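Ready for a few warm-up exercises? Take a look at the structure below, then work through the tasks one at a time.

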Amino acid sequence: MSSSTHPSTTAPSWLDLVRRKVEGLHYGQVYIVVHDHQVTQVECLERTRLSPSGPSSTREDRTD
């Protein structure tokens with residue numbers, strides 16, 4: 001069997017990168033881009049959630 005069908009005894013470098021990206025996220029997404037059976041890119045989209053603070057964030061208090 002080829003080496004691509006057996007998991008390697010050591011994790012590939014992209015896997016460590018994905019782990020670090022996921023561990024660093026509170027809200028967001030990690031995308032893994034594959035080209036020709038190889039991971040070629042890892043993208044990270046981080047979101048910052050804001051909570052409403054006080055009455056100025058309510059719709060009734062807005063002045064249009």
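**Exercise 1. Find the order of the elements, starting from the N terminus.**

Solution. Walk along the chain from the N terminus and you meet the elements in the order α-β-β. That fits the tally of one helix and two strands. Keep in mind that this is a predicted model, so check the confidence too: the average pLDDT of the protein is 79, and 69% of the residues score at least 70. Among the elements, helix α1 has the lowest mean pLDDT, 93, while strand β1 (residues 28-35) has the highest, 96.

**Exercise 2. Track down the salt bridge and say how its partners sit in the structure.**

Solution. Start with the count: there is one salt bridge to find. Its partners are Arg19 and Asp16, with their closest N and O atoms 3.4 Å apart. A distance within 4 Å is what's needed here, so the pair qualifies. Next, place them: both belong to helix α1 (residues 13-24), three residues apart, which is about one turn of the helix. Last, check the exposure. Arg19 has a relative accessibility of 43%, so it counts as partly exposed. Asp16, at 33%, is partly exposed as well.

**Exercise 3. Work out which residues form the nonpolar surface patch.**

Solution. The patch is made of Trp14, Ile32 and Val34, and together they offer about 270 Å² of accessible area. Now zoom in on one member: Trp14 sits in helix α1. Its relative accessible area is 32%, so Trp14 is partly exposed. For the protein as a whole, buried residues account for 3% of the 64 residues.

**Exercise 4. Look for aromatic pairs, then for a charge over a ring.**

Solution. First, the pairs: with ring centres required to lie within 6.5 Å, the count is zero. Then the charge: Arg49 lies over the face of Tyr27, 4.3 Å from the ring centre.

**Exercise 5. Pick out the residues with positive phi in the loop between β1 and β2, and decide whether they are buried or exposed.**

Solution. Begin with Asp36, which is in the loop between β1 and β2 (38-46). Its phi is near 60 degrees, a positive value in a residue other than glycine. Most residues other than glycine have a negative phi. His37 is in that loop too, with a phi near 70 degrees. Now the exposure, where the cut-off is over 50%. Asp36 reaches 62% relative accessible area, so it is exposed. His37 comes to 76%, so it counts as exposed too.

How values were computed: Residues numbered from 1 in each chain as written. Predicted model: local features only at pLDDT ≥ 70, side-chain atom pairs only at ≥ 80, totals over all residues. Heavy atoms only, no water. Salt bridge = Lys/Arg side-chain N within 4 Å of Asp/Glu carboxyl O. Helix = DSSP H or I, 4+ residues; strand = E, 2+ residues; numbered from the N terminus. Buried < 20%, exposed > 50% of the residue type's maximum accessible area, 1.4 Å probe, protein only. pLDDT = per-residue confidence, 0-100. Patch = residues over 30% accessible without salt bridge, like charges linked within 9 Å, V, L, I, M, F, W, Y side chains within 5 Å. Areas by Shrake-Rupley, 256 points an atom, 1.4 Å probe, with all protein chains shown as cover. Phe/Tyr/Trp six-rings, centres within 6.5 Å; stacked < 30°, edge-to-face > 60°. Lys NZ or Arg CZ within 6 Å of the ring centre and 35° of its normal.
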